[in-house]
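You asked for a short written orientation before you begin working through this entry on your own. The note is arranged as numbered points, to be read with the sequence and the structure side by side.

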Amino acid sequence: MAERSVRWGILATGGIAAAFAADLVDLADAEIVAVASRRRESAEAFAERFGVERAYGDWESLAADADVDVVYVATPHAAHRAAAGLCLEAGRNVLCEKPFTLNLREAEELVALAREHGRFLMEAMWMYCNPLVRRLKALVDDGAIGPVRTVHADFGLAGPFPAAHRLRDPRLGGGALLDLGVYPVSFAQLLLGEPDGIAASAVLSPEGVDLQTGAVLSWESGALASLHCSIVGGTAVTASVTGARGRIDVPSGFFHPDRFVLHRDGRDPEEFTADPADGPRTSLRHEAAEVMRALRAGERESPLVPLEGTLAVMRTLDAVRERIGVRYPGEHAAGDEVTAHAG
């Protein structure tokens, strides 16, 4: 792709779409040329807010817009398969919000569509693109703390959320696991890869979604990950990685940190902080910049957020749901959805 502005389409107009659009506006080489919502009024209001030329009252028109280089899919995750699939089939490149889909089967279908149509596809796992998280991973990969023994991560919101809220609606893929637990799982798998064993327990709502879930992942190396997510209790939202020769502690907001501390045996603690030039810790621009870099390089997926890694996370989420007994309307029986894991 030539060194011109990358032209974005935004599909959906909720809070995360607005946050992403605000960060795109700050990127000199990005341009938002179209936005779509199932409600034209929402699309027009969004377009006026961000100076977008075209506002569509349906998804199909955005998918068919040949002036769009890449579509950012920001719908609730229950609609990711339909929205991203529509865009891929129309020949658009896609950045799709996390969790990538409701389940592994839908994720595999999107990956297959991207490969069939020769399009770029990436999950918007902004944590993986965060410069400080990338630095943490590099330290672990380089053996700064020795072989990893344990990973701890949690993400909980205090609530309470009423039964009608999307986080408790099975039709919208509600529950703590997919909305929040995807971060602890993705953090553990960023460092250790796909687990060999999975154990999990949860407290379910009357609607059948998980109010809080705890999971222990295990690897043949002997490493363990203890992970927790909740929509009934505000947790510290921290993470730590312990190796044979040290530990890394990530304070609150581990998935978009502004600092972390490296503890190594026999040495003083070292604090690593975010570069102010990288923008606020809540910035989504790093994932947008990675998409644009990949498109210009002619790549079909990002090495920072590879599709096989996304599928591996979805396998884990499916396996956890199988163990805690959460199934969403329209899904097959759990055994049909989940690739078997030991443990």
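The points below begin with the sheet and the helices that pack on it, go on to two helix pairs, and end with three individual residues.

1. Please keep in mind throughout that this is a predicted model. Every value quoted in the points that follow is computed from that predicted model.

2. The sheet is a good place to start. It is an open sheet of eight strands in the order 8-9-10-7-11-12-13-14, and its pairing is mixed. Strand 8 (197–204) and strand 14 stand at the edges with a single partner strand each, so one side of each is left without a neighbour in the sheet. Neighbouring strands of this sheet are turned by 10° against each other on average, if direction is ignored.

3. Within that order, strand 9 (residues 210–218) and strand 10 (residues 224–230) run antiparallel and are joined by seven bridges. Along this pairing, Ala 215 of the one pair member stands opposite Leu 227 in strand 10. As general background, strands of a sheet pair through backbone hydrogen bonds, either parallel or antiparallel.

4. Further along the order, strand 13 can be followed on both of its sides. Strand 12 (residues 246–250) runs antiparallel to strand 13 (residues 259–264), and four bridges join them, while four bridges also join strand 13 to strand 14 (residues 270–273), again in an antiparallel arrangement. Leu 262 is a useful residue on which to centre the view, since Ile 248 stands opposite Leu 262 in strand 13, and the bridge partner of Leu 262 in strand 14 is Glu 270. Strand 13 and strand 14 form a hairpin with five residues between them, and in the turn Gly 266 has a positive phi of about 80°.

5. Two helices should be viewed together with the sheet. Helix 7 (residues 131–141) packs on the sheet and touches strand 7, strand 11 (239–243), strand 12, strand 13 and strand 14, with a direction that makes about 15° with that of strand 13. Helix 8, for its part, lies across strand 7, strand 9, strand 10 and strand 11, and runs at about 160° to strand 7.

6. Which way do helix 1 and helix 2 run relative to each other? Helix 1 (residues 15–25) packs against helix 2 (residues 40–50) at an angle of about 30°, and their axes are 11 Å apart. An angle under 35 degrees counts as roughly parallel, and helix 1 is therefore roughly parallel to helix 2. The contact is made by Ala 17, Ala 18, Ala 21, Ala 22 and Val 25 of helix 1, together with Phe 46, Arg 49 and Phe 50 of helix 2. The crossing of these two helices, helix 1 and helix 2, is right-handed.

7. The pair formed by helix 5 (residues 104–117) and helix 10 (residues 307–324) has axes that come within 9 Å and cross at roughly 165°. Because of that angle, helix 5 is roughly antiparallel to helix 10. Residues making the contact include Leu 104, Ala 107 and Val 111 of helix 5, and Leu 307, Leu 311 and Met 314 of helix 10. The crossing of helix 5 and helix 10 is left-handed.

8. Asp 179 has its place in helix 8, and at 10% relative accessibility it counts as buried. Leaving aside neighbours within four places in sequence, Asp 179 is in contact with His 77, Lys 98, Arg 166 and Leu 167. With Arg 166 there is a polar contact of 2.8 Å between the two side chains.

9. Asp 169 is found in the loop between strand 7 (148–156) and helix 8 (176–192). Is Asp 169 buried or exposed? Its relative accessibility is 10%, so Asp 169 counts as buried. The side chain of Asp 169 reaches the backbone nitrogen of Arg 171 at 2.9 Å, and, residues up to four places away in sequence not being counted, Asp 169 touches Gly 174 and Val 209.

10. Arg 285 lies in helix 9 (residues 285–296), and with a relative accessibility of 22% it counts as partly exposed. Although Arg 285 and Phe 20 are 265 residues apart along the chain, their C-alpha atoms are separated by 7.4 Å. Beyond the residues up to four places away in sequence, Arg 285 touches Asp 23, Leu 27, Ala 277, Asp 278 and Gly 279. A polar atom of the Arg 285 side chain lies 3.0 Å from the backbone oxygen of Asp 278.

Notes: Residues are numbered from 1 along each chain as its sequence is written. This is a predicted model: local features need pLDDT of at least 70, side-chain atom pairs count only at pLDDT 80 or more; totals for chains, interfaces and linings use all residues. Side-chain values use heavy atoms; hydrogens and water are left out. Two strands pair if DSSP finds at least two bridges between them. Buried means under 20% relative accessible area, exposed over 50%, partly exposed in between (1.4 Å probe, protein chains only). Contact means heavy atoms within 4.5 Å. A polar contact is a pair of N or O atoms within 3.5 Å; within protein, one must be able to donate a hydrogen and the other to accept it, and residues adjacent in sequence count only if both atoms are side-chain atoms. Axes are lines fitted to C-alpha atoms, for helices over the stretch in contact, and angles run from 0 to 180 degrees between N-to-C directions. Angles under 35 degrees count as roughly parallel, over 145 as roughly antiparallel, 65 to 115 as roughly perpendicular and the rest as oblique. A crossing is left-handed if the near helix is turned anticlockwise from the far one by less than a right angle, and right-handed if clockwise.
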